[in-house]
Amino acid sequence: MKAMRDHRALFRRKLEIFSAFGRDRKGTGAIEFAIIAPLLIMAYIGCFEISVGFNVARKVSRASSTVADVLTQMKEVDKASLNGMKAVANSVMSPFEMTKYTLKMTGIKMTAPGLGQVTWSYDQAGTAPYKAGSIVKMPSEISAVDTFIVRSELVVPHEILLFAPGLSKSTLDTIDISKTSYFRQRVGTEITCSDCPAFK
């Protein structure tokens with residue numbers, strides 16, 4: 001009988017220990033934090049990255065339109081003035097740095113509604129990206145014939161943050177943010193370029 005009572009008492013003690021362990025909630029908060037914290041950090045970084053991306057896109061749009069706007073106020077351009085547009089774009093993009101970017105500036109004479117003819121072109125490398133005399137399709141809203149249009153094309157690679165192992169060196173680490181702006185000449189009927197390079 002005594003052995004049976006001891007056995008029952010031991011069983012009750014073990015049951016109480018397991019019951020107390022089940023009622024203990026001291027480590028619950030730490031476990032929940034360990035699960036939720038990485039998700040919250042990734043969500044924060046994602047929101048931050050989206051915000052930066054929108055700011056860069058807004059800067060790219062403003063830089064492209066500023067370059068075209070400045071050029072349309074000139075009666076004649078040359079390589080020196082076109083090279084100066086790189087500094088204009090960089091100043092508008094501040095505080096974001098432009099290291100590997102593409103800036104194409106093109107003078108276009110409208111020949112028909114929605115169609116224009118390239119008279120000169122220049123890019124950030126000092127070359128002509130488009131052949132003079134070639135026909136280009138213009139946006140439908142640009143329909144006035146015998147007008148002169150300056151087109152500015154700016155493409156800026158934007159590095160994004162990735163909070164995931166194994167993806168930091170993938171093709172997802174940069175995206176190209178681009179903007180093409182069209183501005184009509186302010187003074188005169190055409191903007192000429194005295195020393196623009198020939199298309200190669």
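The following exchange asks how the labels given to this predicted model are justified.

User: What makes a feature count in this model, and how are residues numbered?
Analyst: This is a predicted model, where local features need pLDDT of at least 70, side-chain atom pairs need pLDDT 80 or more, and totals for chains, interfaces and linings use all residues. Residues are numbered from 1 along each chain as its sequence is written, and side-chain values use heavy atoms, without hydrogens and water.

User: What makes a run of residues a helix or a strand, and how many of each are there?
Analyst: Helices are DSSP runs of H or I with at least four residues, strands are runs of E with at least two, and both are numbered from the N terminus. The protein has three helices and seven strands. Their order along the sequence is α-α-β-α-β-β-β-β-β-β.

User: How do you know that S2 and S3 pair?
Analyst: Pairing requires at least two bridges found by DSSP between the strands. S2 (residues 102-112) and S3 (residues 115-123) have eight, in the antiparallel sense. Glycine 107 stands opposite tryptophan 120 in S3. Two residues separate the strands of this hairpin, and glycine 114 there has a positive phi near 85°.

User: Which sense do S3 and S4 pair in, parallel or antiparallel?
Analyst: S3 and S4 (residues 135-137) are antiparallel, with three bridges. Leucine 115 has lysine 137 in S4 as its bridge partner.

User: Why is the contact of arginine 186 with aspartate 69 called a salt bridge?
Analyst: The term needs a side-chain nitrogen of Lys or Arg within 4 Å of a carboxyl oxygen of Asp or Glu. Here the N to O distance is 2.2 Å, so the pair qualifies. Arginine 186 lies in the loop between S6 (174-184) and S7 (192-193) and aspartate 69 in helix H2, so the contact ties together parts 117 residues apart in sequence.

User: Why are arginine 186 and aspartate 69 called partly exposed?
Analyst: Buried means under 20% relative accessible area, exposed means over 50%, and partly exposed is in between (1.4 Å probe, protein chains only). Arginine 186 has 48% and aspartate 69 has 21%, so both fall in between.

User: Where is the charged end of arginine 151, and what makes that a charge over a ring?
Analyst: The charged end sits over the ring of tyrosine 130, 5.0 Å from its centre. The rule asks for NZ of Lys or CZ of Arg within 6 Å of the ring centre and within 35 degrees of the ring normal. Arginine 151 also forms a salt bridge with glutamate 153, at 3.4 Å between the closest N and O atoms. Both of these residues are buried.

User: What makes leucine 40 exposed?
Analyst: Its relative accessibility is 56%, so it passes the cut-off for exposed. Leucine 40 is in helix H2 (residues 28-71). With Ile31, Ile35 and Ile36, leucine 40 forms a nonpolar surface patch of about 410 Å² accessible area together.

User: What makes aspartate 146 and the bond between serine 94 and proline 95 worth a look?
Analyst: Most residues other than glycine have a negative phi, and most peptide bonds are trans. Aspartate 146 is not a glycine, yet has a positive phi of about 60°. Aspartate 146 is in the loop between S4 and S5 (148-159), and is exposed at 59% relative accessible area. The bond joining serine 94 and proline 95 is cis, with omega about 10°. Proline 95 lies in the loop between H3 (79-93) and S2.

Technical notes
Patches are made of residues with over 30% relative accessible area and no salt bridge: like charges are joined within 9 Å, nonpolar side chains (Val, Leu, Ile, Met, Phe, Trp, Tyr) within 5 Å. Accessible areas come from the Shrake-Rupley method with a 1.4 Å probe; for residues, only the protein chains shown count as cover.
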